[in-house]
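Please work through the exercises below with the sequence and the model side by side, trying each task before reading its solution.

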Amino acid sequence: EMGARFAGNIADLCAIARPDVGIVTHVGLAHAEHLGGRAGIAAVKGELLEALPAAGVAVVNAGDLSTPELVTRTLARVLRVGTAADADVRTHDVALDDELRARFVLDTPWGSTPVQLAVRGTHQVQNAAMAAAAALSLNVDLADVAAGLARATTANWRMQLHRTPGGLTVLNDAYNASPTSVAAALDSFAHLETDGRRIFVFGEMLELGDDGAAEHARVGRLASDAGIDVLVTVGAGADAAADVARDRNVTVVRTADASTALEAVRAAAHPGDVVLVKASRAVGLEVVAEALVAGAVVVS
């Protein structure tokens, strides 16, 4: 992974790794404070495409507004991946099972195949298709690609689903948070069936710079649209989300840190409820999710 917090980071890494195939999943707002907003993020991600040789392959997101400009910065062959009919690699017929694992059909220049993922979330379909495009461009057999995607797993605290001794269902996505990943988590969380309430423990998203207030407010709207009944916010940066959600008749509890958020969930939760936990890494909300999963919180 060519990670970056400052301009030039990806160019430096490419000078070492000298990649032949590069994937730009999307241009979001992660580290926007350091990179100069969305335009700065697009610029630094473009460093990867600039580093590819003419005989290489650039795998890009067909639905991202930054893609048309990004692809002008590479001499490599371009594979556009997405849901549009004219995408080079296309996904369709997406469905989630009751564990939020996606299945879909993948159409490619190398053929078509059904794919079943072990990882959770609708957003993983695009990620899987981009990985498939990279593998297929390197002459990996299509059947082997589908089989590999079916075995792929994620790191701890990324869309991990647990049924707890206290009667809760916990979706632990506490590893990190950005506006894009929060929207994706809420979208999948809305598909989780429940006879109880939906509780969202949301810690502030860090390093968003001037976009911070607006993006936190947007989370408040998305939470309401996703059917969240109780929003527990963690940190002053999440106040904008709390304000918007409250105005949309969501029950809001504001807390200062992970320990007080845990107490808030204990006071609010009942057997049958579903809980989503998500925040930037520094907020440390994995302790909330892990306490719930371990049954350390006795719900009423």
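**Exercise 1. Find the residue of β6 that stands opposite arginine 103, and place the pair in its sheet.**

Solution. Arginine 103 faces glutamine 116 in β6. Strand β5 (residues 101-108) pairs with β6 in the antiparallel sense over 7 bridges, where two strands pair if DSSP finds at least two bridges between them. The open sheet holds 6 strands in the order β1-β2-β3-β4-β5-β6, with mixed pairing. Its edge strands, each pairing on one side only, are β1 (21-24) and β6 (111-120).

This is a predicted model in which local features need pLDDT of at least 70 and side-chain atom pairs count only at pLDDT 80 or more, while totals for chains, interfaces and linings use all residues. Residues are numbered from 1 along each chain as its sequence is written, and side-chain values use heavy atoms, with hydrogens and water left out.

**Exercise 2. Decide whether strand β12 (residues 274-278) is enclosed or open, and identify its partners.**

Solution. Begin with burial, meaning under 20% relative accessible area with a 1.4 Å probe and protein chains only: 5 of the 5 residues of β12 are buried, so the strand is largely enclosed by the rest of the structure. Next, take the faces separately: Val274, Leu276 and Lys278 are buried on one side, and Val275 and Val277 on the other. In a regular strand the side chains alternate between the two faces of the sheet. Finally, turn to the partners: strand β8 (residues 169-172) pairs with β12 in the parallel sense over 4 bridges, with asparagine 172 bridged to valine 277. Strand β9 (residues 198-203) also runs parallel to β12, joined by 5 bridges, and isoleucine 199 stands opposite valine 275.

Terms used. Helices (H or I, at least four residues) and strands (E, at least two) are DSSP runs, numbered from the N terminus. Buried means under 20% relative accessible area, exposed over 50%, partly exposed in between (1.4 Å probe, protein chains only).
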